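This report goes through one structure, part by part. Please keep the sequence and the 3D view open while reading.

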Amino acid sequence: MHQRQDVGVRISSLYRQQQLAIGILDLSTKEDLVESLKWYTANMSTPIYVITLQSRIDEEDLTDSYPDVNFIIFKMPATTGEYVNAFADECYATYFLVVRTDSSLIAFEGEKLMAAMAEKNHPAIITPVMISSSCEVMPTLRAPYINGRQVDPMSFTPSIDEDAEEPNLYPVMELGLYDRALFQRLRSYDTLISGEFYQAMDFGVRCFLLGYRIFTTRSLAIQFPKRLSIIEDRSLCDGADRFYTKAMSIRRIAGKNVIEKWKPYVDKEVLNDEVKKKQMLLQKTDFFTLMKNWRTSDSAEPEEQ
C-alpha cells in the first residue's frame, strides 16, 4: 500500500531515484509501531515503509493516520530476510535502512554514512552499534570462526573510536544501511534458510567471499529500550546446509578456486546449480583465508557466547 501522492508527483518520481528509504520491521507491539511511526515521520524526511502482517494492523486506522507511509503487508509470517527482500524490491531507493519497532535510532550521521557509501570500495552494508536498555554497547561485531565442523562466529564489542570502521561478518538481526543495487546483485537473502542467524550469516559471508565488505561504525547506532542483550539462536535449521555449501565448498589454492565438499553439510542441488556454475567464477577468497586475515581492534576482547 503506497503512500498517497499527487499523480504528477508519482509520475515525476519514476524519473528520479530517492537516495534513502527507511524500512521499519513491525516485530513488537502495536504501541511500539505507533511510537516508531510518530518518531520517524517527525524526524526523517525520507520515504518510510512498514513491513508487517495482515493480522497485526487495522488497515484503515493506520493508513488514515499515516497517509505518507507505505505499508508492505504479508498475509502470513515470513523470515526476516524475506521481509527485507520485499522492502528492497519496493523502495526504489539508492540505499535503504532497516530498523525495528522495538528499537530507537539514536545516531544517524547522514553525511558520514552517505560519504562512506559513495566511496569506490564502499560496503554492502553498514551495521549499527547496538545499545542495551542499560546504555551499554552490546557485542555485535562478529568475526569468522570454526568450531568443529560448524561456523560459530566470535563476538566483540565495537571500538570507542568515533571514526573506526570495524569489519562485521554479517548484519546481526539483519539491521543496517544497505546499498540496494549491490544487495540485489548479491541475490539478497536466501529465503530457503529458515533461521535468522544462518540467513544473515549466509548473506554476510557471501559478501566477503565475493570481494565486498560489511562494517560497523558509531555514525549509525540504535538502542533497544527493553533489551539487556541479544541472544541468537545458532542451532541448525532448515536450509543450514545451503549456507555451508555456499560458504565452505570452495578452497582458493594458488589463485584458483577448487571444490572441496564440507561434509556432512552439503546441499547437492546448491553445489551443482549455484556454487559450480556461478559462485566458483566470482569468488575472490575462501572462508579459511577470511578467518586467517580477519582484523579486530587492538583492544577488542572476545565475548562469551
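## A buried charged pair

Both Glu232 and Arg142 are buried. The model is a predicted one, and in it the side chains of these residues meet in a salt bridge, with an N to O distance of 3.3 Å. Glu232 sits in the loop between strand E13 (214–223) and helix H8 (240–248), while Arg142 belongs to strand E7 (residues 141–143), so the salt bridge ties together parts that are 90 residues apart in sequence.

## Other salt bridges

How many salt bridges does a search of the whole structure find? The search finds 20. One of them joins Lys112 and Asp163, whose closest N and O atoms are 3.6 Å apart. Lys112 is in helix H5 (residues 110–118) and Asp163 is in the loop between strand E10 (154–156) and strand E11 (166–167), so this pair ties together parts that are 51 residues apart in sequence. Lys112 is partly exposed, at a relative accessible area of 40%, whereas Asp163 is exposed, at 59%.

Another salt bridge links the side chains of Asp152 and Arg234, at 2.8 Å from N to O. Asp152 lies in the loop between strand E9 (150–151) and E10, and Arg234 lies in the loop between E13 and H8, so the two tie together parts that are 82 residues apart in sequence. Asp152 counts as partly exposed, with 22% relative accessibility. Arg234 is buried because its relative accessible area, 17%, is under the cut-off of 20%.

There is also a network: salt bridges that share partners join Arg187, Asp190, Asp202, Arg206, Arg242, Lys246 and Glu274.

The table lists the three pairs described above.

| Salt bridge | N to O distance |
|---|---|
| Glu232 and Arg142 | 3.3 Å |
| Lys112 and Asp163 | 3.6 Å |
| Asp152 and Arg234 | 2.8 Å |

## Backbone features

Which residues does a cis peptide bond join? The bond is between Lys263 and Pro264, with omega about 10°. Pro264 is placed in the loop between strand E15 (256–259) and helix H9 (268–282).

Tyr92 is not a glycine, yet its phi is positive, at about 55°. This residue lies in the loop between helix H4 (80–91) and strand E4 (93–100). Is Tyr92 buried or exposed? Tyr92 counts as exposed because its relative accessibility, 52%, is over the cut-off of 50%.

Arg187, a member of the salt-bridge network, also has a positive phi, of about 70°, although it is not a glycine. Arg187 is found in the loop between helix H6 (180–185) and helix H7 (196–209). At 39% relative accessibility, Arg187 counts as partly exposed.

## The surroundings of Asn257

Asn257 is part of strand E15. Its relative accessible area is 14%, and Asn257 is therefore buried. What does the side chain of Asn257 make a polar contact with? The partner is the side chain of Arg252, at 2.8 Å. A polar atom of the Asn257 side chain also lies 3.1 Å from the backbone oxygen of Gln283. Leaving aside neighbours within four places in sequence, the residues in contact with Asn257 are Ile250, Arg251, Arg252, Met280 and Gln283. Arg252 and Gln283 thus appear among these contacts, Arg252 through its side chain and Gln283 through its backbone oxygen.

## Strand E13 and its partners

Strand E13 is mostly covered, as nine of its 10 residues are buried. Strand E5 (residues 104–108) pairs with E13 in the antiparallel sense, over four bridges. In this region Leu105 stands opposite Ile222 of E13.

In which sense do strand E6 (residues 125–131) and E13 pair, parallel or antiparallel? They pair in the parallel sense, over seven bridges. Here Ile126 has Phe215 in E13 as its bridge partner.

E11 pairs with E13 as well, in the antiparallel sense and over two bridges. Pro167 stands opposite Phe215 in E13. Phe215 is therefore named twice, as the bridge partner of Ile126 and as the residue opposite Pro167. In a regular strand, side chains alternate between the two faces of the sheet.

Notes
Residues are numbered from 1 along each chain as its sequence is written. This is a predicted model: local features need pLDDT of at least 70, side-chain atom pairs count only at pLDDT 80 or more; totals for chains, interfaces and linings use all residues. Side-chain values use heavy atoms; hydrogens and water are left out. A salt bridge is a side-chain nitrogen of Lys or Arg within 4 Å of a carboxyl oxygen of Asp or Glu. Buried means under 20% relative accessible area, exposed over 50%, partly exposed in between (1.4 Å probe, protein chains only). A polar contact is a pair of N or O atoms within 3.5 Å; within protein, one must be able to donate a hydrogen and the other to accept it, and residues adjacent in sequence count only if both atoms are side-chain atoms. Contact means heavy atoms within 4.5 Å. Two strands pair if DSSP finds at least two bridges between them.
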